[in-house]
Amino acid sequence: MSMTEAGTRAFDVDAIRADFPILSRKINGQELVYFDNAATSQKPKQVIKALTDYYEQTNANVHRGVHTLSIEATDGYELARTKVAKFINAPRPEEAIWTRNTSESLNLVAATWADVNVGEGDNIVITAMEHHSNIVPWQQLAAKKNTELRYLAAGEDGLLDVSDVDSIIDSRTKLVAVTHMSNVLGTINPVAMLAEKVHAVGGVILVDAAQSVPHMAVDVQELDADFLCFSAHKMLGPTGIGVLYGKYDLLEAMPPFMFGGDMILEVTYEDATWNDLPYKFEAGTPNIADAIATGAAVDYLVDLGMDNVWAHEQELTAYAMEQILSLDNVRVLGPQDPALRGGVISFIHDTIHPHDLGTALDQQGIAIRTGHHCAMPLVRSFDVVAAARASFYIYNTKSEIDALINGISETEGYFSR
Amino acid sequence: MTGGMSGLDDMNELYEAIILDHYRSPRNTVPVDSPDIDLEVNNPFCGDEFHIQLKVDDGAVAKVGITGRGCAISQASASLLAELVEGKSSNEVHAAVDSIRRLLKGEDVTEEERDVLGDIEALEGVRKFPVRIKCALLSWVGLDDALTEHLGAEGV
Ligand SMILES: Cc1ncc(COP(=O)(O)O)c(C=O)c1O
């Protein structure tokens, strides 16, 4: 087991909670219970400090100065890249491209790699449980290129239906784009198996790891992922920064995404040549401060150990599933077996609409997500238009789950008055 | 960890008794035969969806039927709408929608306007929950637009 997985700091939830200033806030006079982690996580003071330290001590532009501050800013920016690359076990740091978020990473691949490599008569395979960010770019591309967009279905059990995978992935499949963990169902998908299938027909696999990288040890080499996308803001880091991992040779062969400063090697009045990786994909002044703070977020998770993070969330998920399923009027979408899912639990109350439940829980200090969770076709396939969702992270506790269960019961009492 | 019902009592303004009553037993939910106006309104953000049907006679609403699903606020609001519009002219409906918009934004609404709104005034508490204003306005705005368009097309 590597250092990343094992961790160097004891997994002590009280000590972890003390690192998150926002957790001492009161919401509507109640202690905050933050269960909207799948939307974005809270930030520890180490990450916030990395941001203020940068602006107070180091601020300068990168890659273009010989002065001390510029050199320090460049070093910090590149060190953070090395950290995120190592975090997902990328063979080389240049394979980690900074983007704005998962959505931009996905759009980058659609606009560059897919624009060149996908054509008429080919097909792209996605799944029925994708986030809109991993549906719409492919719909657009498919329409533009006269390419077929195929779906692997989600079964009623919330698991990916792979019974017909060998006919859906065929010799014309150029790309499989799949979420590692569903942001609605919590389902963990068989990425390595899909990678093997698509590689066998000469295609590539893109993994939407927005919900997996924050919560479990993810190894791009073990998965044999060609592309892998995630956002810092869901893993203790700041908003406005994300990562695209791509295999070196693929990135090298791809055209640039945007044009401008930093991404060029040489410019004449007539033409330009492209810079080396990763800069070819980082036009203009990058998000230096947030990249550095993302490095701090990775440090925080590595200190805890991703296996410990995952074990903690599995324990919470098992407990929450048991508690929620014991309620008479509630059903849970997705796999009922906690071992097959991550800490994202979407549920439907028979009589209370998710929005009314969301407002009532907010009154009790409990933050959950309500709505379609950016996965409208999936939510609709369960014959509902909206769901409530509780999602967990390192600072959550069983007593907070008790508060949620109690909050649901209080809400039932309120609406039957 | 939480303080029980005390927190929920703060919602009483949002979920007034009249609102809960309309939510539980919505009015005018019978589909209208060969309607003049037949529209679906939805708010993809919450997943609320309503099917609004109207029979229009001489520029006034002769019959209305509203069915759908949504949260307590959007359902109660649709039911209150269904109750109000029957017999009203398009101008009267338009004026009512205008006053309810102002009511929800916390702007001035005259006593005469409040008289016209009647029970609908119960929606006023929604303004303390700004994210829920859309729920309350969903069916109103849809119907107002449809009515204007329909009468415009008829040249009334
Ligand atoms: C599975 C999945 N993919 C993609 C995204 C989009 O992430 P972002 O909004 O950071 O681009 C999300 C976030 O909600 C997600 O859960």
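This passage walks through the ligand site, two sheets and two backbone oddities of a predicted model.

The ligand comes first. Its surroundings amount to 13 residues, and A:S103, A:D208, A:Q211, A:S231 and A:K234 come nearest. Sorted by class, that shell holds 10 polar residues, 2 charged ones and 1 nonpolar one. Several polar contacts can be picked out by distance. In A:S103, an N or O atom of the side chain sits 2.6 Å from an oxygen atom of the ligand. A:S231 likewise brings in its side chain, with a polar atom 2.6 Å from a ligand oxygen. A:T102 takes part through its backbone instead, where an N or O atom is 3.4 Å from an oxygen atom of the ligand. As for cover, the ligand on its own would expose 390 Å², and the protein buries 87% of that.

Next up is a sheet in chain A. It is open, has 4 strands in the order β13-β14-β17-β16, and pairs them antiparallel. The two ends of that order are β13 (330-332) and β16 (369-371) of chain A; each has a single partner strand, so one side of each lacks a neighbour in the sheet. From one strand to the next, the twist averages 30 degrees. Looking at one pairing in detail, β13(A) and β14(A), the latter spanning residues 344-349, run antiparallel and are joined by 3 bridges. Within this part of the sheet, A:R331 has A:I348 of β14(A) as its bridge partner. A helix goes with these strands too: α13 of chain A, residues 306-325, lies across β13 and β14 of chain A and runs at about 5 degrees to β14(A). As general background, strands of a sheet pair through backbone hydrogen bonds, in either a parallel or an antiparallel way.

Chain B has a sheet to look at as well. This one is open, with 3 strands in the order β1-β2-β3 and antiparallel pairing. Its edge strands are β1 (37-43) and β3 (60-69) of chain B, each pairing on one side only. The average twist from one strand to the next is 20 degrees. Between β2(B), residues 48-57, and β3(B) there are 9 bridges, and the two strands run antiparallel. One of the residue pairs involved is B:I52 with B:I66, the latter in β3(B). Here, too, a helix can be placed against the strands: α3 of chain B (residues 72-85) lies across β2 and β3 of chain B, at about 165 degrees to β3(B).

Finally, there are two backbone details in chain A. Most peptide bonds are trans, and most residues other than glycine have a negative phi. Against that background, the bond joining A:L277 and A:P278 is cis, with omega at about 0 degrees. The proline, A:P278, belongs to the loop between β12 (272-274) and α12 (288-304) of chain A. The other detail concerns A:N89, which is not a glycine yet has a positive phi of about 60 degrees. A:N89 is also a loop residue, placed between α4 (68-87) and β4 (96-99) of chain A.

Conventions. Residues are numbered from 1 along each chain as its sequence is written. Chains are lettered from A and ligands numbered from 1 in the order in which they are written. This is a predicted model: local features need pLDDT of at least 70, side-chain atom pairs count only at pLDDT 80 or more; totals for chains, interfaces and linings use all residues. Side-chain values use heavy atoms; hydrogens and water are left out. A residue is near a molecule or strand if one of its heavy atoms lies within 4 Å of it. A polar contact is a pair of N or O atoms within 3.5 Å; within protein, one must be able to donate a hydrogen and the other to accept it, and residues adjacent in sequence count only if both atoms are side-chain atoms. Accessible areas come from the Shrake-Rupley method with a 1.4 Å probe; for residues, only the protein chains shown count as cover. Ala, Val, Leu, Ile, Met, Phe, Trp, Tyr, Cys and Pro count as nonpolar, Asp, Glu, Lys and Arg as charged, and the others, Gly among them, as polar. Two strands pair if DSSP finds at least two bridges between them. Axes are lines fitted to C-alpha atoms, for helices over the stretch in contact, and angles run from 0 to 180 degrees between N-to-C directions. Contact means heavy atoms within 4.5 Å.
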